[in-house]
2 protein chains.
Amino acid sequence: MPPALGDREARREDVSRAVWHVLADKGFGGLTLRAVAAAMGVSTGMLMHYFPTKRALVAHALDLLEKRTAERPRRERPSEGLAALRAMLLDVLPLTSDDTARNRIWVSSWDLALADDALGADQADRYVRMRSGIRPHLEAARDLGELPVTADPEQLAATAVAFVHGLVVQALFDPGRFPGDVQIAMLDGFLASISSPRSR
Amino acid sequence: MPPALGDREARREDVSRAVWHVLADKGFGGLTLRAVAAAMGVSTGMLMHYFPTKRALVAHALDLLEKRTAERPRRERPSEGLAALRAMLLDVLPLTSDDTARNRIWVSSWDLALADDALGADQADRYVRMRSGIRPHLEAARDLGELPVTADPEQLAATAVAFVHGLVVQALFDPGRFPGDVQIAMLDGFLASISSPRSR
DNA sequence: AGGTACGTAACGAGCGTTCGGTATGTAAGG
DNA sequence: CCTTACATACCGAACGCTCGTTACGTACCT
């Protein structure tokens, strides 16, 4: 029996955290094994001991980033309808430095993902999961009368994801013009626009 | 007098077109001077004859891409209100292979732009210009009664840009799920949601 | 003793950039 | 009109560097 098998996965997570740090700082163009090793004070040989290739290291870092993001402590989460959707989308926006770093990593990863079929499929899957997490709240909102009965939850989920990620990109490039309160006002404006007249 | 000074700028545009081609195909991670030179059948020395550094070459290619995009022939352009906005946003969406390649380049460039202050400022300026081009149509729409009188054109412009770019990203990663008619339906749904009840 | 967990050093490839050379012009001088 | 002079436009090779990856050595644990 291999000794301390849990430690191995813990070390891989340490490495992934260093990858996140480098990515948020320098982007994928500045992501080198030497930079990752330096960020955690180890050698590149150590990295290769836990990952066979750089590509595997990157893929694991992105997978783990999604997982840890899903598990992270979140703001209070109303359980129903548009209020629940609002809380979900608020958790995506770059309102804290942590969320900003996370979003920088995702936006940066799109360059690689567009050029690498496997990583591109991973990204497409992440969007599928994101829309799937949103759609139930839209269905509930429709049942609660917060949305018109004619609303299409699947299409609206894609629209909400589009809006929030498009806002993320603009906010990352111009944080001075998109402080937290502006982002929140835009989100509330968006939610008000899709909601049914009688619920406004 | 330097001979044929106009030819020099024409050559720089030839180079930029090769840069676009490589970027759309391989992304920034695959953008090398050798790849650009090979794409146009010349040597890397020729590239350095027209651009001092790779960075300058990239910056010029992106600047020219924005300029040529603005000048390109467009679909018929209604001159007023939401119909004009619809035409503008339709021109952004990846509905043709040209538009897809263009959008791939922009999305890919965000990795570099987030890590390079000067390129990031360029990108922020492009967003400012994009919102500025949209806002007048929103003001006209409001004056025409297509939008509520309480609508904030500046915020709505940022919201529209967010929606359309967020949709671009999802469509690039999952073209099968976002064919042209779905993208157009989503855009029309978005425009309907922001328009005033009486104009619907 | 033998496997695990590293560090150190090096390899070959590929990178941006530099350099020297060679055509091809245009311009000036007699 | 020919010659000399010089800038322009490129090519091909090379430089110095950094990259991902490999090989090897060593300390530690069991």
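# Exercises on a protein pair with two DNA strands

In this predicted model, the largest share of the surface near DNA strand C comes from α3(A), with 4 residues. The exercises below start from that surface and then move to the rest of the structure.

## Exercise 1. DNA strand C

Task: Describe which residues and helices surround DNA strand C, and which atoms they approach.

Solution.

Step 1. Start with the neighbours. There are 18 residues around DNA strand C, and those that come nearest are A:S43, A:M46, A:Y50, B:R34 and B:K54. A residue belongs to this group if one of its heavy atoms lies within 4 Å of the strand.

Step 2. Assign helices. In chain A, α1 (5-26) and α3 each supply at least two residues of this surface, and in chain B, α2 (33-39) and α3 do so.

Step 3. Sort the residues by class. The surface near DNA strand C has 7 nonpolar, 6 polar and 5 charged residues.

Step 4. Turn to the DNA atoms. Of the atoms of DNA strand C that come within 4 Å of the protein, 59% belong to sugar and phosphate.

Step 5. Look for particular atom pairs. The side chain of A:R8 has an N or O atom 3.1 Å from a phosphate oxygen of DNA strand C. For the side chain of A:H49, the distance from an N or O atom to a phosphate oxygen of this strand is 3.3 Å. On the base side, a polar side-chain atom of B:R34 lies 2.9 Å from a base nitrogen of DNA strand C.

## Exercise 2. DNA strand D

Task: Repeat the description for DNA strand D, and state which helix supplies the largest share of the surface.

Solution.

Step 1. DNA strand D is surrounded by 17 residues, the closest being A:R34, A:K54, B:R8, B:S43 and B:Y50. Sugar and phosphate make up 59% of the strand's atoms that come within 4 Å of the protein.

Step 2. The helices that each supply at least two residues of the surface are α2 (33-39) and α3 (44-50) of chain A, and α1 (5-26) and α3 (44-50) of chain B. The largest share comes from α3(B), with 4 residues.

Step 3. By class, the surface near DNA strand D holds 6 nonpolar, 6 polar and 5 charged residues.

Step 4. Two side chains are paired with phosphate oxygens. A:K54 has an N or O side-chain atom 2.6 Å from a phosphate oxygen of DNA strand D, and for B:R11 that distance is 3.0 Å. A base nitrogen of DNA strand D lies 3.4 Å from a polar side-chain atom of B:R34.

## Exercise 3. The interface between the chains

Task: How many residues of chain A and chain B are in contact, and which parts of chain A take part?

Solution.

Step 1. Count the residues. In chain A, 39 residues are in contact with 39 residues of chain B.

Step 2. Take the area. The two chains bury about 3,300 Å² between them, and 64% of this is on carbon and sulfur atoms. A:D111, A:L114 and A:F173 supply 23% of the area that chain A buries against chain B, more than any other three residues.

Step 3. Count the pairs. Between chain A and chain B there are 0 salt bridges, but 14 residue pairs in polar contact.

Step 4. Locate the helices of chain A. On its side of the interface, α6 (97-115), α7 (117-143), α8 (153-173) and α9 (180-194) each supply at least two residues. The helix that gives the most is α8(A), with 12 residues.

Step 5. Classify. The side of chain A that touches chain B has 21 nonpolar, 11 polar and 7 charged residues.

## Exercise 4. How the copies are related

Task: Why can the relation between chain A and chain B be called a two-fold axis?

Solution.

Step 1. A turn of 180° with a shift of 0.0 Å along the axis lays chain A on chain B with an RMSD of 0.1 Å. This is the relation of a two-fold axis.

Step 2. Check the interface. Of the interface residues of chain A, 100% are also interface residues in chain B, so the copies meet through the same surface.

## Exercise 5. Inside chain A

Task: What is the pattern of chain A along its sequence, and which parts of the chain does the salt bridge between A:D99 and A:R72 link?

Solution.

Step 1. Chain A has 9 helices and 0 strands, in the order α-α-α-α-α-α-α-α-α.

Step 2. Over all chains, the structure holds 37 salt bridges. In the one between A:D99 and A:R72, the closest N and O atoms are 3.0 Å apart.

Step 3. Place the two residues. A:D99 is in helix α6 of chain A, and A:R72 is in the loop between α4 (54-71) and α5 (81-92). They are 27 residues apart, and the pair links distant parts of the chain.

Notes: Residues numbered from 1 in each chain as written. Chains lettered and ligands numbered in written order. Predicted model: local features only at pLDDT ≥ 70, side-chain atom pairs only at ≥ 80, totals over all residues. Heavy atoms only, no water. Polar contact = N/O pair within 3.5 Å; in protein donor to acceptor, adjacent residues only side chain to side chain. Nonpolar A, V, L, I, M, F, W, Y, C, P; charged D, E, K, R; others polar. Contact = heavy atoms within 4.5 Å. Buried area = accessible area lost by both parts, 1.4 Å probe. Salt bridge = Lys/Arg side-chain N within 4 Å of Asp/Glu carboxyl O. Least-squares fit on C-alpha atoms with pLDDT ≥ 70 in both.
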